[in-house]
Amino acid sequence: MEYITITTGFLIILAGLWAIMTRKNIIRIIIGFSLFDTGIHIVMVSMAYVKGGVAPILDKNELLTDTANKIVDPVPQALVLTAIVIGLGVTALMLAYAMKLHSEKKSLDIESFKDLKW
Amino acid sequence: MKKLFVFIILIALASMLYPLLDTFHGNDKLSELSQFYAQSENVSKVNAQNLVTAVVVTYRGLDTLGEVTILFLAAAIIAFFLKTESEKRTLRKNSEIFKTAAKMLVPIITMVGIYIFINGHLTPGGGFQGGAVIASGVILMLLAFPNMEFNHKFFEALESISGVVYVGLAAFGAIIGLGFLDNAILPLGKFGELFSAGAIPVIYSFVGLKVGAELSNILNKFKSVQAEN
């Protein structure tokens with residue numbers, strides 16, 4: 001099971017990188033960054049999986065004794081929670097830049113921004 | 001030629017990732033740090049049913065403070081970057097079904113959001129998720145009634161007050177000698193009930209309000225800039 005999730009995560013990372021490198025529309029490039037982000041989150045969560053473990057929420061009495069052998073790792077999940085929120089902030093910033101770029105050149109095509117190209 | 005380079009870069013990244021997959025065999029037990037968090041004396045010290053929340057709000061609470069700060073910074077930069085210009089635009093009229101459904105759904109969405117962040121220490125969820133759900137209610141409102149006056153003063157005040165209360169609660173723990181962001185400044189209560197885990201539900205509720213207000217402000221900024229075109 002953990003192999004499926006970790007492979008999916010890697011494939012999503014590669015798909016995001018592919019989108020960043022080949023797409024022309026800025027919005028699609030931003031979607032590529034989001035995909036890259038999501039893939040990394042999936043990889044981190046699946047690496048924290050412990051065989052036979054349940055979610056680290058102790059809502060049953062049998063989970064209260066010998067907890068450490070019954071749950072999956074909560075620390076990477078907390079890290080991913082933080083990473084998702086920061087990814088959201090970064091995506092919002094990128095979209096704001098995209099809107100500003102669009103109001104400059106009236107185009108979202110990355111080819112029409114050649115100011116930094118030599 | 002360009003396609004070849006793209007292909008080479010993809011293959012390079014894939015071959016960098018492959019050893020990670022190759023050496024990965026799944027874990028048989030928790031890491032040492034997590035075992036410490038899962039010890040029964042430490043679980044009863046924090047008294048939160050959801051261990052992820054316990055890690056996010058108490059053990060790694062400083063990270064969460066930084067995370068809230070980053071979100072605030074993003075909102076501030078966007079507010080600075082996209083200056084609001086008020087001018088009228090002609091919009092297609094929204095259908096009656098959409099408007100009525102929005103009116104009915106927004107209170108329920110807000111309630112679900114509040115439920116999620118109040119129960120953050122008991123069930124999966126918490127401040128960030130609840131705040132995002134509340135912001136999704138706000139975006140539904142913005143789409144259904146585009147000419148509605150967005151009360152950004154209220155959201156800004158809500159955001160500032162929540163932030164100040166969060167930092168105040170965190171500092172209060174340090175002042176009375178328990179430690180920055182310690183949750184034992186309030187009574188710990190009975191394990192598994194709504195009023196348990198000390199200050200965690202209070203802190204997470206304020207985080208939820210803050211995140212909801214911030215995301216609503218960001219969405220409103222995007223909407224009001226779109227009115228330019």
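This passage describes the fold of chain B, its contact with chain A, and the nonpolar cores of a predicted model.

We may begin with the overall build of chain B. Its secondary structure consists of 9 helices and 0 strands, so written because runs of helix and strand are taken from DSSP. Read from one end of the sequence to the other, the pattern is α-α-α-α-α-α-α-α-α. The C-alpha trace of chain B spans about 65 × 60 × 35 Å along its principal axes. The radius of gyration of chain B is 22 Å, where a compact globule of 229 residues would have one near 17 Å. Buried residues account for 34% of the 229 residues in chain B. Among contacts in chain B between residues at least 6 apart in sequence, 70% link residues at least 24 apart.

Helix α7 of chain B, residues 127-144, deserves a closer look. This helix has 18 residues and reaches 26 Å from its first C-alpha to its last, close to the 26 Å expected at 1.5 Å a residue. Buried residues in α7(B) include the glycines B:Gly127, B:Gly130, B:Gly131 and B:Gly137. Also buried in α7(B) are B:Phe128, B:Val133, B:Ile134, B:Ala135, B:Val138 and B:Met141.

Two residues of helix α9 of chain B illustrate how this helix meets other parts of the chain. B:Leu219 lies in α9 and counts as buried because it has 20 C-beta neighbours inside 10 Å. Leaving aside neighbours within four places in sequence, B:Leu219 is in contact with B:Ala135, B:Val138, B:Ile139 and B:Leu142. The C-alpha atoms of B:Leu219 and B:Ile139 are separated by 6.8 Å, although these residues are 80 apart along the chain. B:Glu214 is also found in α9 of chain B, and it is buried because 27 other C-beta atoms lie within 10 Å. Beyond neighbours within four places in sequence, the contacts of B:Glu214 are B:Leu71, B:Phe72, B:Ala75 and B:Glu159. B:Glu214 and B:Val68 are 146 residues apart in sequence, yet 9.8 Å apart in space, C-alpha to C-alpha.

Turning to the interface, 39 residues of chain A are in contact with 43 residues of chain B. On the side of chain A that touches chain B, the elements giving two or more residues are α1 (2-22) and α3 (74-105) of chain A. Of these, α3(A) gives the most, with 15 residues. The residues on this side of chain A divide into 26 nonpolar, 8 polar and 5 charged. Chain A has an average pLDDT of 85, and 99% of its residues score at least 70. Confidence in chain A is lowest in α3(A), at a mean of 86, and highest in helix α2 (residues 26-47), at 91.

The largest nonpolar core has 55 residues, of which B:Leu51, B:Ala54, B:Val55, B:Ile78, B:Ile200, B:Ile203 and B:Val207 touch the most other members. Elements that each supply at least two residues of this core include α3 of chain A and, from chain B, α5 (61-81), α6 (96-118), α7 and α8 (152-175). The greatest contribution to this core comes from α9(B), with 11 residues. Not counting residues up to four places away in sequence, B:Leu51 touches A:Pro56, A:Ile57, A:Leu58, A:Ile71 and A:Pro74 of chain A, along with B:Tyr37 and B:Ala38. Apart from the largest core lies another, of 7 residues, among them A:Ile13, A:Leu17, A:Phe36 and A:Ile42.

How values were computed:
Residues are numbered from 1 along each chain as its sequence is written. Chains are lettered from A and ligands numbered from 1 in the order in which they are written. This is a predicted model: local features need pLDDT of at least 70, side-chain atom pairs count only at pLDDT 80 or more; totals for chains, interfaces and linings use all residues. Helices (H or I, at least four residues) and strands (E, at least two) are DSSP runs, numbered from the N terminus. The radius of gyration is taken over C-alpha atoms; the globule rule is 2.2 Å times the number of residues to the power 0.38. A residue is buried if 20 or more other C-beta atoms lie within 10 Å of its own, exposed if 12 or fewer, and partly exposed in between; C-beta atoms are placed from the backbone. Two residues are in contact if their C-beta atoms, placed from the backbone, lie within 7 Å. The expected span of a helix is 1.5 Å times one less than its number of residues. Ala, Val, Leu, Ile, Met, Phe, Trp, Tyr, Cys and Pro count as nonpolar, Asp, Glu, Lys and Arg as charged, and the others, Gly among them, as polar. pLDDT is the predictor's confidence in each residue, from 0 to 100. A nonpolar core is a set of buried Ala, Val, Leu, Ile, Met, Phe, Trp, Tyr and Cys residues joined through C-beta atoms within 7 Å.
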